[in-house]
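The following exercises are to be worked with the sequence and the predicted model at hand. Each task is followed by a solution in steps.

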Amino acid sequence: MKRRRRTEILIKGSTDIAKKLAQEIIQNYNVKTIEKPNNGLVMIKTRETAKKNLFYLGEIFVTEAKVQVENSLGIGIVQGNNQELAYHLAVIDAAYNGNFKEIKTWLQILLNEEKSIMADNERYKNSVLKTKVNFETMDV
Amino acid sequence: MGYVAVKGGTNAIAQSIKRLKYNRIKKGEILSINEIESGMRGLIDQVMSESSIYCEELAAISIKQAEGNPEEAVFLLRAYRSTLPRKHYSKVVRSEDMTVERRISASFKDIPGGQILGASYDYTHRLIDFDLADETKEELIQWLENFNKEVDIIEDSTDINKLPKVLDYLRSQGLISDCGEKNNEPKDITKKSIEFPTERSERLQILTRGQTGAVTSLGYAALRGYGDTHPTIGELRVGSLPIYVDNPLNNDHDDEDSFYIGEIKVTEVETLFPASEEKEDGKVQMELEIGYGICYGQNETKAIAMSILDHCLEIGDPRYPTHDEEFVLLHIDSIESSGFISHLKLPHYVTFKSKLDSIVKTRKGE
């Protein structure tokens, strides 16, 4: 599973999933911390829709961690102050970058979590669409 | 005339700071960060927007320290921001990718995807609900449970993650000129002080982090005759935008290889202004021009006012103050305006003495 989809599931889903997957690597390998979870900013580049220019909307506060497992580097970045999750994301990232054997069993776990996120999204959608206006033309 | 160094206020300052803490806690109640985050959505959104840093928790802590004073909370957050490293730039965020929770148009009744009211004060009576004074946690939990149970299956295929834009419809009809995407790197006003005339990217960055009240007031002034004509809201949407960062270990900018880092809630507005354009054959043709507004959180008044000011600054009619970029852009920043006003409290003993001397001299006829 590619990084974009994987990180989306791990961040939107339960933090227990990231913890469980990272623990597998931590137990089986020597995880070297390159950069402890630390705070910083990501500047948000945005395209406006009037003249379709790019501009900077503002910054988002993040936590970032970097680890090395075997010869594989891993990066974890997540919004807010979330030290544990950033570290777990970095460990999981290293496992994928190194194509470790553990990731084969992770696919189903991630797909199940994705289904759960999609079900939540569907409930959210239904809730929001309850506020959709159903116009009726009045006879005057 | 030189400056005179004085001392003697150290103890008084220490006691003043102590008294400030006393004022915050003297009623014996502790306001938890979670309570502020949960119940002060509007203030948190305003503070995040004006400080230009998206983090609800940090905003809540600042609001607590500032006793709910947004100007002070924004100051605290901007100061903290200056201590943090900027680690990355996001991939380009597009509002077409917004998960919409509210979306209305004042221009068209029927828009693709429909008018979705979401959560808004607009449809309330604005009568104080005195029952809130006696609200209990048990009642709230019960209400929440009931709300969450009301999950009906809606026979509606609208995809709130990919709602079409009203502007795209107008562009397809030729009512708005279709400009291509411009990919010039934006200027960053946090890296370099602005010089006039500014670029569009600088104007939008300053407007979006402007003080809510200042942006609203100048936008209002523009409508009242000190600027643009009356616009119509083409589309106003509130929702969440996903943020992605390119893989720093790989330079190919592959979308699938990027990091998802989270999402931000924003309000985005496109307002429509009728304008006339003289064609090559001398004929005058009417068309629509767009004003653009966007800000962190749900702050619709600010986003609409920003869109008005954006259009004013694009036109730049010298007859109106709200079209003057120096007048608008240098006066709407919370830190700049409150900082300069506050500096008047600092000792001006020497300069004032000098003024006083001049007054006395003129009185004596010297």
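**Exercise 1.** Determine which residues Asp257(B) touches, leaving aside residues up to four places away in sequence, and decide whether Asp257(B) is buried or exposed.

*Solution.*
Step 1. Locate the residue: Asp257(B) belongs to the loop between β5 and β6 of chain B.
Step 2. List the contacts. With residues up to four places away in sequence set aside, Asp257(B) touches Asn247(B), Asn250(B) and Arg3(A).
Step 3. Judge the accessibility. A residue is buried when its relative accessible area is under 20%. Asp257(B) has a relative accessible area of 15%, and therefore it is buried.
Step 4. Compare sequence and space for one further residue. Val245(B) and Asp257(B) are twelve residues apart in sequence, and their C-alpha atoms are 9.2 Å apart.

**Exercise 2.** State the order of the strands in the open sheet of chain B, and identify which strands stand at the edges.

*Solution.*
Step 1. Give the order: the open sheet consists of four strands arranged as β4-β5-β6-β7 in chain B, with antiparallel pairing.
Step 2. Find the edges. β4 (99-104) and β7 (284-296) of chain B each have a single partner strand, so one side of each has no neighbour in the sheet.
Step 3. Add the twist, which averages 20 degrees from one strand to the next.
Step 4. Recall a general rule: side chains in a regular strand alternate between the two faces of the sheet.

**Exercise 3.** For each pair of adjoining strands in this sheet, find how many bridges join them, and name a pair of partner residues.

*Solution.*
Step 1. Begin with β4(B) and β5(B), the latter covering residues 232-245: five bridges join them in the antiparallel sense. Within β5(B), Ser240(B) is the bridge partner of Thr99(B).
Step 2. Continue with β5(B) and β6(B), an antiparallel pair with 13 bridges. Here Leu236(B) is opposite Val269(B), a residue of β6(B).
Step 3. Finish with β6(B) and β7(B), which pair in the antiparallel sense over 13 bridges. Met286(B) in β7(B) is the bridge partner of Ser276(B).
Step 4. Examine the hairpin of β6(B) and β7(B). Five residues lie between the strands, and Gly282(B) adopts a positive phi near 90 degrees.

**Exercise 4.** Establish how many residues of β4(B) and of β6(B) are buried.

*Solution.*
Step 1. In β4(B), five of the six residues are buried, and this strand is mostly covered.
Step 2. In β6(B), 15 of the 20 residues are buried; therefore β6(B) is largely enclosed by the rest of the structure.

**Exercise 5.** Describe where the partners of three salt bridges lie: Glu114(A) with Arg5(A), Lys87(B) with Glu35(A), and Lys125(A) with Glu122(A).

*Solution.*
Step 1. Consider Glu114(A) and Arg5(A), whose side chains form a salt bridge at 2.7 Å, N to O. This pair links distant parts of the chain, since Glu114(A) is in helix α4 (residues 103-129) and Arg5(A) is in helix α1 (residues 3-12) of chain A, 109 residues apart. Glu114(A) is buried at 17% relative accessible area, whereas Arg5(A) is partly exposed at 38%.
Step 2. Turn to Lys87(B) and Glu35(A), whose closest N and O atoms are 3.2 Å apart. This salt bridge crosses between chains: Lys87(B) is in strand β2 (residues 86-89) of chain B, and Glu35(A) is in strand β1 of chain A. With a relative accessible area of 23%, Glu35(A) is partly exposed.
Step 3. Take Lys125(A) and Glu122(A), with 3.6 Å between the closest N and O atoms. Both residues lie in helix α4 of chain A, three residues apart, about one turn of the helix. Lys125(A) counts as buried at 12% relative accessibility, while Glu122(A), at 40%, is partly exposed.
Step 4. Note a network as well: salt bridges with shared partners join Glu48(A), Arg200(B), Arg203(B), Asp310(B), Glu314(B) and Glu325(B). Over all chains, the count of salt bridges is 40.

**Exercise 6.** Identify which residues form a nonpolar surface patch with Ile34(A), and classify the accessibility of Ile34(A).

*Solution.*
Step 1. Place Ile34(A) in strand β1 (residues 31-47) of chain A.
Step 2. Name the patch: Ile34(A) joins Leu73(A) and Leu249(B), and together they have about 260 Å² of accessible area.
Step 3. Classify Ile34(A): its relative accessibility is 42%, so it counts as partly exposed.

Methods. Residues numbered from 1 in each chain as written. Chains lettered and ligands numbered in written order. Predicted model: local features only at pLDDT ≥ 70, side-chain atom pairs only at ≥ 80, totals over all residues. Heavy atoms only, no water. Helix = DSSP H or I, 4+ residues; strand = E, 2+ residues; numbered from the N terminus. Buried < 20%, exposed > 50% of the residue type's maximum accessible area, 1.4 Å probe, protein only. Pairing = 2+ DSSP bridges. Axes fitted to C-alpha atoms, helices over the stretch in contact; angles between N-to-C directions. Contact = heavy atoms within 4.5 Å. Salt bridge = Lys/Arg side-chain N within 4 Å of Asp/Glu carboxyl O.
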